[in-house]
Amino acid sequence: MFICQCENTRMSVGFIGAGQLAHALVRGFSAAGVIAIHRITASSPDTDLPTVHQLRKLGINFTTSNKETVNKSDVLFLAVKPHIIPFVLDEIGPDIEDRHLIVSCAAGVTISSIEKKLQQYQTSPKVMRCMTNTPVVVREGATVYATGTHADVEDGKLLEQLMASVGYCTEVEEDLIDAVTGLSGSGPAYAFTAVDALADGGVKMGLPRRLAVRLGAQALLGAARMLLDSDQHPGQLKDNVCSPGGATIHALHVMESGGFRSLLINAVEASCVRTRELQYLADQEKISATAIKKTTLDKVLQQPGVTADAVGVRSGGISIFNSSKPRTKKK
Amino acid sequence: MSVGFIGAGQLAHALVKGFTAAGVIAAHRITASAPDTDLPTVSSLRKMGVSLTTSNKETVNKSDVLFLAVKPHIIPFVLDEIGPDIEDRHLIVSCAAGVTISSIEKKLLQHRPAPRVMRCMTNTPVVVREGATVYATGTHAEVEDGRLLEQLMASVGFCTEVEEDLIDAVTGLSGSGPAYAFTALDALADGGVKMGLPRRLAVRLGAQALLGAAKMLLESEQHPGQLKDNVCSPGGATIHALHFLESGGFRSLLINAVEASCIRTRELQSLADQERISPAAIKKTTLDKVLQQPGVLFNSGIKKKN
């Protein structure tokens, strides 16, 4: 039976952000029984999100105050969009204490950028970065994590225990995370598209839609499970199911003729490249205020303790990572 | 109840592994027969505790449920060989792609008035108990026979009854489906390796991502398109990737694949119905071994071309 350290030490977990990712992780963690629901807090300025409603139904503590989440938590997941991260760090920075482990789930946001922000408030912020995916909601996620400068071995073990309760989890060097984003971060979208198309194929050949979706998804699931449980190469497993002159090898030929494999390589590459691009833009401080959904910004600015200066909002653009000293406006 | 397999290849092996892992039948109540004892699957079956024999008649005599797990073109030979030994208690389940219930009943009616026949289409992930199986019920099979087969096959994955005319389409989709997935996983891993991941990690992450997504879909009421939308944040990495898939006609390739597999299945069935498979089309060594079995005559069921 899986026993998590967190159960024994009565640890609390908080989520800054209450969107798809927070919802998926909370559902997975609670299904796994790895942390009690009442020990989870989530915050978001936007209470209209459908995920907020679902999180409330699950029984977690929901608040519009990020500070409250910080104060109530030991492990703090940053589950907001990458361009919101700097605002959040400025807002909660003063409230971070030694006990806090900050885990950023934001694609393309580097550990060093987070540490740099938090070091304005604390000497040794414990930061980790992870890339996970939505199937954590059914406890079949794929997660990798990298460890920051001041995080301990125990912090890694703790995060790994949490994430392993909802799927596969392993530590990697940070420089691999963008590639992981392209592969297993975006991977579920490739799979959903594939099942939609397979079902179309089944329907074209006479199957009712529901049955076609069911069979397509089950075939993918079973094949993936076979590969995970086997030492054999995927090509060998493919060979094993292609009988001479049979139906399957005929099907494979049409796939290869259309460059099927290449499309998937392109997809992984495109997602990885875009992730690096977004990271680069953030590092260059080139995200303008208009790039951020205005309503979200307004709501963030309504939070007590958050001033426009503190988050570096000036006309003409937002300085994302250098907000402590407002510069005079350049002409 | 005892279960027998005519044929000891990939399919028999996968089903036996699944059934025994599920605990739905004990290995010692399973018999399998094949003329070719060199198959790697044969030694694997032996290790699982299955009774192996080269005599199909022995398998028939020891079984109540009899799976025909040989290649489609071998089916007529097998039916001629075991026909005389079939008794009232036997439930014959054919797993052969493209072989119709009526063709099997026609053969067995030479020996018995009411042979109980069912036809199923399954797939290899039964080996890890995540198979996809459909079955159709023959003229003389009873409701209990359907329930029994469904219990067996549901222990190793998804199982549902269908009308026989849908089985070829199922073959194209979930029968061949694992091969599409293995190909996709190989390519996804290549993508990961291109972007810097070590191979083992790339294979692992790719397979885990497919598995998780499929499970989400199976457990959700939502449309796959809605689930796809949910993971595509505005201007983000995933929607950029999806554009590449769509530009290359990704969806169309998968529709083509399902169609091609289904059409080939119907083609093979048509060739078999017209008794146009020549002996040369059958692997000679297998044919020789089959012909060595007592009771099999060369001219049973084969019409020479020309």
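The following paragraphs lead the reader through a predicted model, from the chains as a whole to single residues and an enclosed space.

Chain A offers a convenient place to begin. Its fold contains 14 helices and 10 strands. Of its 331 residues, 57% count as buried. The contacts within chain A also show how the sequence is brought together: among those between residues at least 6 apart in sequence, 68% join residues at least 24 apart.

Two annotated regions come next, each taken from an unreviewed UniProt entry. In chain A, the record assigns residues 174-278 to "domain: Pyrroline-5-carboxylate reductase dimerisation". Over this stretch the chain is 81% helix and 0% strand, and the C-alpha atoms at its two ends are 16 Å apart. In chain B, the record places "domain: Pyrroline-5-carboxylate reductase catalytic N-terminal" at residues 3-98. Here the chain is 39% helix and 20% strand, with the end C-alpha atoms 23 Å apart.

Within the numbering of that region of chain B, one residue deserves attention. The unreviewed UniProt entry gives Asn56(B) the annotation "binding site". Asn56(B) belongs to helix H3, which spans residues 56-62 of chain B. Is Asn56(B) buried or exposed? Its relative accessible area is 7%, so Asn56(B) is buried. Apart from its neighbours within four places in sequence, Asn56(B) is in contact with Ile6(B), Ser33(B), Val78(B), Glu81(B) and Ile82(B).

Attention now returns to chain A and to two loop residues. Asp95(A) lies in the loop between helix H5 (85-92) and strand E5 (101-104). Asp95(A) counts as buried because its relative accessibility is 19%, and the limit for that class is under 20%. Which side chain does the side chain of Asp95(A) meet in a polar contact? The partner is the side chain of Lys67(A), at 2.7 Å. When residues up to four places away in sequence are not counted, Asp95(A) touches Lys67(A), Val70(A), Asn71(A) and His100(A).

Gln122(A) occupies another loop, the one between helix H6 (111-118) and strand E6 (126-131) of chain A. With a relative accessible area of 11%, Gln122(A) is buried. A polar atom of the Gln122(A) side chain lies 3.2 Å from the backbone oxygen of Glu97(A). Glu97(A) also appears among the residues that Gln122(A) touches, together with Ile96(A) and Asp98(A), when residues up to four places away in sequence are not counted.

A strand residue of chain A can be described in a similar way. Glu171(A) is found in strand E8, residues 167-171. Glu171(A) is partly exposed, with a relative accessible area of 45%. Its side chain makes a polar contact of 2.8 Å with the side chain of Thr147(A). Beyond its neighbours within four places in sequence, Glu171(A) is in contact with Tyr145(A), Thr147(A) and Glu160(A). Glu171(A) and Gly33(A), for their part, are 138 residues apart in sequence and 23 Å apart in space from C-alpha to C-alpha.

The backbone of each chain also has a notable arginine. Arg139(A) has a positive phi of about 65° although it is not a glycine. Arg139(A) is placed in the loop between E6 and strand E7 (141-147) of chain A, and at 37% relative accessibility it counts as partly exposed. In chain B, Arg129(B) has a phi near 60°, which is a positive value in a residue other than glycine. Arg129(B) is found in the loop between strand E6 (116-121) and strand E7 (131-137) of chain B. Its relative accessibility of 36% makes Arg129(B) partly exposed.

The final topic is empty space inside the protein. Rolling a probe the size of a water molecule over the atoms shows where such space is left. How many cavities of 30 Å³ or more does the structure hold? There is 1. The largest cavity holds about 110 Å³ of space. It is lined by 14 residues, and those closest to its centre are Ala194(A), Leu220(A), Phe260(A), Ala184(B) and Phe250(B). Helix H9 (187-204) and helix H13 (260-283) of chain A each supply at least two residues of the lining, as do helix H8 (177-194) and helix H12 (250-273) of chain B. By class, the lining has 14 nonpolar residues, with no polar and no charged residues.

Methods. Residues are numbered from 1 along each chain as its sequence is written. Chains are lettered from A and ligands numbered from 1 in the order in which they are written. This is a predicted model: local features need pLDDT of at least 70, side-chain atom pairs count only at pLDDT 80 or more; totals for chains, interfaces and linings use all residues. Side-chain values use heavy atoms; hydrogens and water are left out. UniProt positions are given in the numbering used here, feature names are shortened, and annotations may be inferred rather than shown by experiment. Helices (H or I, at least four residues) and strands (E, at least two) are DSSP runs, numbered from the N terminus. Buried means under 20% relative accessible area, exposed over 50%, partly exposed in between (1.4 Å probe, protein chains only). A polar contact is a pair of N or O atoms within 3.5 Å; within protein, one must be able to donate a hydrogen and the other to accept it, and residues adjacent in sequence count only if both atoms are side-chain atoms. Contact means heavy atoms within 4.5 Å. On a 1 Å grid over the protein atoms alone, a cavity is a set of points where a 1.4 Å probe fits but cannot get out, and a pocket is an open set with protein on both sides within 12 Å along at least five of seven lines; lining residues have an atom within 4 Å of a point. Grid points are joined across faces, edges and corners, and a volume is the space filled by probe spheres set on the points. Ala, Val, Leu, Ile, Met, Phe, Trp, Tyr, Cys and Pro count as nonpolar, Asp, Glu, Lys and Arg as charged, and the others, Gly among them, as polar.
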